[in-house]
Amino acid sequence: MRPRRLAPLLPDPRRLLRYLNPSAAMAPAAAHLATSADPDEDLCASAAAEAAAVEELAPAPPLPPPPVSAEERVERAWAHWRRLGSPRLSVAPMVDNSELPFRMLCRRYGADAAYTPMLHSRIFSENEKHRSMEFTTCKEDRPLFVQFCANDPDILLKAAKMVEPYCDYVDINFGCPQRIARRGNYGAFLMDNLPLVKSLVQNLSANLYVPVSCKIRIFPQLEDTLAYAKMLEEAGASLVAVHGRTRDQKDGKKFRADWDAIKAVKDALRIPVLANGNIRHMEDVKDCLEYTGVDGVLSAETLLENPALFAGFRTKEWKEDGDGIGDSGLDQADLVIEYLKLCEQYPVPWRMVRSHIHKMLGDWFRVHPEVREEFNKQTKLTFEWLHDMIMRLKQLGGRTPLYRKEVALPTTTTAAGNV
């Protein structure tokens, strides 16, 4: 399936986007993407890729439905969730790391849904190159959440309209705790301006056909978290994903996510709720679903090391002695090879490829630091060089297998029916 890449908007506002297929032989409209001063910003298009092709215009989406009552909004939220298959295992949004090839790799290994990396709504709506570089999708890339950061309701709506036909939720990032979010006044730092948060959700909900979701962090005080989540539901959100850490708890290894707070949000809301935090293997997924009663979980950092997490695989760090767990025959180098093949099919900037290789081969590089140093010295990567590097790592030995254990997930029952 050809990857779909956003191109400039056409003059007719009723027609939103063309999809472009990127390749090494770039189409003239995208030729500038292959001439960056930094080779890591170039697309990782393979020499064998076909010439880019422009597909037919996507049909304009239907007009947004008229405003509905709170009860109808809740019913629509659950009906949409069920139409998607009630996905319970999702790839969390990760800047530069939840791009199309990685999403597709995770989907091969059990992920039911996925988020795009966080996209900056103003830059996305104004900059053609940014759209072409940062957002791609394909037919099989569903269900899909497209996530934006924003602090202006009109700019956010403009960006959301561009992706509306190609996703299942437009998600607003209210959870990023990093310094850049503080400087840009978005993400978790909008928790200090709840009227703005409400207006961002209301404006999207009233003007989009696709449902609106929100990814949030918790407040230090539970009552503030619950009031926040209820406000989002009342403003028109159809789903809320809760990262169970506060804005100041940036280190996931130092601070455990608060499942009690997530459970309280789930109990307080009438729309689907997802949990984010403490998901390292499928036992954690099972425990989280049972403890919190949420409708699904998200994983981020652990997936970067082990994209096969949702298929029951786990790394040595989380291996447990006992029956039913052992060497699966799969290792992280095998996953890197699969990922590289997906990158040839769905080109992305080399910086994303480089980042994933570091994370998936971290254990191998610690055993063979000389290979890591050689990798870091490469100013311009190629698929051939990367495949040769992986073969050398395998020949040098020090393989760390992935382990597998079958885990049966619980069947959850909500006020909206069985999921």
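**View 1. Helix 13 and its buried residues in the predicted model.** Here's helix 13, whose buried residues are Trp-350, Arg-351, Met-352, Val-353, Arg-354, Ser-355, His-356, Ile-357 and Met-360. That makes nine of the 11 residues in the helix, so helix 13 is largely enclosed by the rest of the structure. Keep an eye on Arg-351, with its relative accessible area of 17%; this residue comes back in the next view.

**View 2. Arg-351 reaches Glu-41 through a salt bridge.** Zooming in on the two side chains, we find N and O 2.9 Å apart. Arg-351 belongs to helix 13 (residues 350–360), while Glu-41 sits in the loop between strand 2 (19–20) and helix 1 (70–83), so this contact ties together parts that are 310 residues apart in sequence. Are the two partners buried or exposed? Arg-351 is buried, whereas Glu-41, at 26% relative accessibility, counts as partly exposed. The pair isn't on its own, either: Asp-96 and Glu-134 join Glu-41 and Arg-351 in a network of salt bridges. For the wider picture, searching the whole structure turns up 23 salt bridges.

**View 3. Glu-233 pairs with Arg-270.** In this salt bridge the closest N and O atoms are 3.9 Å apart. Glu-233 comes from helix 8 (residues 222–235), and Arg-270 from the loop between helix 9 (259–268) and strand 11 (273–276), so the parts being tied together are 37 residues apart in sequence. Glu-233 is the buried partner, with 12% relative accessibility. Arg-270 counts as partly exposed, at 36%.

**View 4. Asp-284 meets Arg-280.** The side chains of these two residues form a salt bridge with an N to O distance of 2.7 Å. Asp-284 is buried, at 5% relative accessibility. Arg-280 has a relative accessible area of 23%, which puts this residue in the partly exposed class.

**View 5. A three-stranded open sheet.** Reading across, the strand order is 13-15-14, and the pairing is antiparallel. Which strands stand at the edges? Strand 13 (313–314) and strand 14 (326–331) do; each has a single partner strand, so one side of each is left without a neighbour in the sheet. Strand 13 is joined to strand 15 (residues 401–404) by two bridges, and the two run antiparallel. To find your way along this pairing, look for Phe-313, which stands opposite Arg-404 in strand 15.

**View 6. The largest pocket and what lines it.** This pocket holds about 1,300 Å³ of space. Of its 46 lining residues, Met-94, Arg-217, His-243, Ala-300 and Glu-301 are the closest to the centre. What mix of residue types makes up the lining? The split is 18 nonpolar, 15 polar and 13 charged.

**View 7. Helices and strands around the largest pocket.** Several elements each supply at least two residues of the lining. On the helix side, these are helix 4 (128–134), helix 6 (179–184) and helix 11 (301–305). The strands are strand 5 (119–120), strand 9 (212–217) and strand 12 (296–299). Which helix gives the most to the lining? Helix 11 does, with four residues.

Note on methods
Residues are numbered from 1 along each chain as its sequence is written. This is a predicted model: local features need pLDDT of at least 70, side-chain atom pairs count only at pLDDT 80 or more; totals for chains, interfaces and linings use all residues. Side-chain values use heavy atoms; hydrogens and water are left out. On a 1 Å grid over the protein atoms alone, a cavity is a set of points where a 1.4 Å probe fits but cannot get out, and a pocket is an open set with protein on both sides within 12 Å along at least five of seven lines; lining residues have an atom within 4 Å of a point. Grid points are joined across faces, edges and corners, and a volume is the space filled by probe spheres set on the points. Ala, Val, Leu, Ile, Met, Phe, Trp, Tyr, Cys and Pro count as nonpolar, Asp, Glu, Lys and Arg as charged, and the others, Gly among them, as polar. Two strands pair if DSSP finds at least two bridges between them. A salt bridge is a side-chain nitrogen of Lys or Arg within 4 Å of a carboxyl oxygen of Asp or Glu. Buried means under 20% relative accessible area, exposed over 50%, partly exposed in between (1.4 Å probe, protein chains only).
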